[in-house]
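Me: I'd like to go through this one by asking how each label was earned. Show me the model and let's start.

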Amino acid sequence: MAFNGTWKVDRNENYDKFMEQLGVNVVKRKLGEHDNLKITIEQNGDKFHIKESSTFRTKEIDFTLGVQFDYTMADGTDLTGTWVMEGETLKGTFNRKDNNKVLTTTRALVGGELVQVSATH
């Protein structure tokens, strides 16, 4: 599958602003900018196994496209949501459990790199 592999996060454009909008304090935002995140993706049909490894933690996530699941971010923020495929793009839509803010993340392969874009609504 297209997403299978280990991907290193080399840059996080607008990441500080995104984390600020989520309500993450400035110390955790600055730490998050330098966490050397690697994402390993194993896709089998509509089932995904994701391993997120960074300086601060390692987390493994299993999900099925279109099926809601719970997820806790590195700063302890609890979310619930789903991932779906939109063409060649993997799109996640999540709600914060504490204030119901919506978080979206897209992942796409562009020029042999995994490009991830996150936003709050």
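Me: Why is Thr80 called buried?

Reply: Because its relative accessibility is 18%, and buried means under 20% relative accessible area, with exposed over 50% and partly exposed in between (1.4 Å probe, protein chains only). So Thr80 counts as buried. Keep in mind that this is a predicted model, where local features need pLDDT of at least 70 and side-chain atom pairs count only at pLDDT 80 or more, while totals for chains, interfaces and linings use all residues. Residues are numbered from 1 along each chain as its sequence is written, and side-chain values use heavy atoms, with hydrogens and water left out.

Me: Where is Thr80, and what is it in contact with?

Reply: Thr80 sits in strand 6; helices (H or I, at least four residues) and strands (E, at least two) are DSSP runs, numbered from the N terminus. Contact means heavy atoms within 4.5 Å. Leaving out neighbours within four places in sequence, Thr80 is in contact with Gln68, Phe69, Asp70, Thr93, Phe94, Asn95 and Lys97.

Me: What makes the pairing of the Thr80 and Asp70 side chains a polar contact?

Reply: The distance is 3.1 Å. The rule asks for a pair of N or O atoms within 3.5 Å; within protein, one must be able to donate a hydrogen and the other to accept it, and residues adjacent in sequence count only if both atoms are side-chain atoms. The Thr80–Asp70 pair is listed as such a contact. There's also a polar atom of the Thr80 side chain 3.4 Å from the backbone oxygen of Phe69.

Me: How do you know that strand 5 and strand 6 pair?

Reply: Two strands pair if DSSP finds at least two bridges between them. Strand 5 (residues 69-72) and strand 6 (residues 78-86) are joined by 4 bridges and run antiparallel, so the cut-off of at least two is met. One of the bridges puts Tyr71 with Leu79 in strand 6. Their hairpin has 5 residues between the strands, and Gly76 there takes a positive phi near 95 degrees.

Me: And how many bridges join strand 6 to strand 7?

Reply: Strand 6 and strand 7 (residues 89-96) share 8 bridges, again antiparallel. Trp83 stands opposite Gly92 in strand 7, and Glu86 stands opposite Thr89. This hairpin has 2 residues between its strands, with Gly87 in the turn at a positive phi of about 65 degrees.

Me: Which sheet do these strands belong to, and what makes a strand an edge strand there?

Reply: They're in an open sheet of 5 strands, order 5-6-7-8-9, with antiparallel pairing. Strand 5 and strand 9 (113-120) are the edge strands, as each pairs on one side only. Neighbouring strands are turned by 30 degrees against each other on average, direction ignored; axes are lines fitted to C-alpha atoms, for helices over the stretch in contact, and angles run from 0 to 180 degrees between N-to-C directions.

Me: What about the sheet of 4 strands: why is one side of strand 1 and of strand 4 left without a neighbour?

Reply: That open sheet has the order 1-2-3-4 with antiparallel pairing. Strand 1 and strand 4 stand at its edges with a single partner strand each, so one side of each has no neighbour in the sheet. The twist averages 20 degrees from one strand to the next. Strand 3 and strand 4 are joined by 7 bridges, and Lys47 has Thr64 in strand 4 as its bridge partner.

Me: Why is Gly5 called partly exposed?

Reply: Its relative accessibility is 26%, so Gly5 falls in the range between buried and exposed. Gly5 lies in strand 1 (residues 5-8) and, neighbours within four places aside, is in contact with Ile39, Thr40 and Ile41.

Me: What makes a set of residues a nonpolar core, and which have the most contacts inside the largest one?

Reply: A nonpolar core is a set of buried Ala, Val, Leu, Ile, Met, Phe, Trp, Tyr and Cys residues joined through side-chain atoms within 4.5 Å. The largest has 21 residues, and those with the most contacts inside it are Ile41, Phe48, Ile50, Phe63, Phe69 and Trp83. Strand 2 (38-44), strand 3 (47-53), strand 4 (58-64), strand 5, strand 6 and strand 7 each give two or more residues to this core. Phe63 touches Asp46, Lys47, Phe48, Ile50, Phe69 and Trp83, not counting residues up to four places away in sequence.
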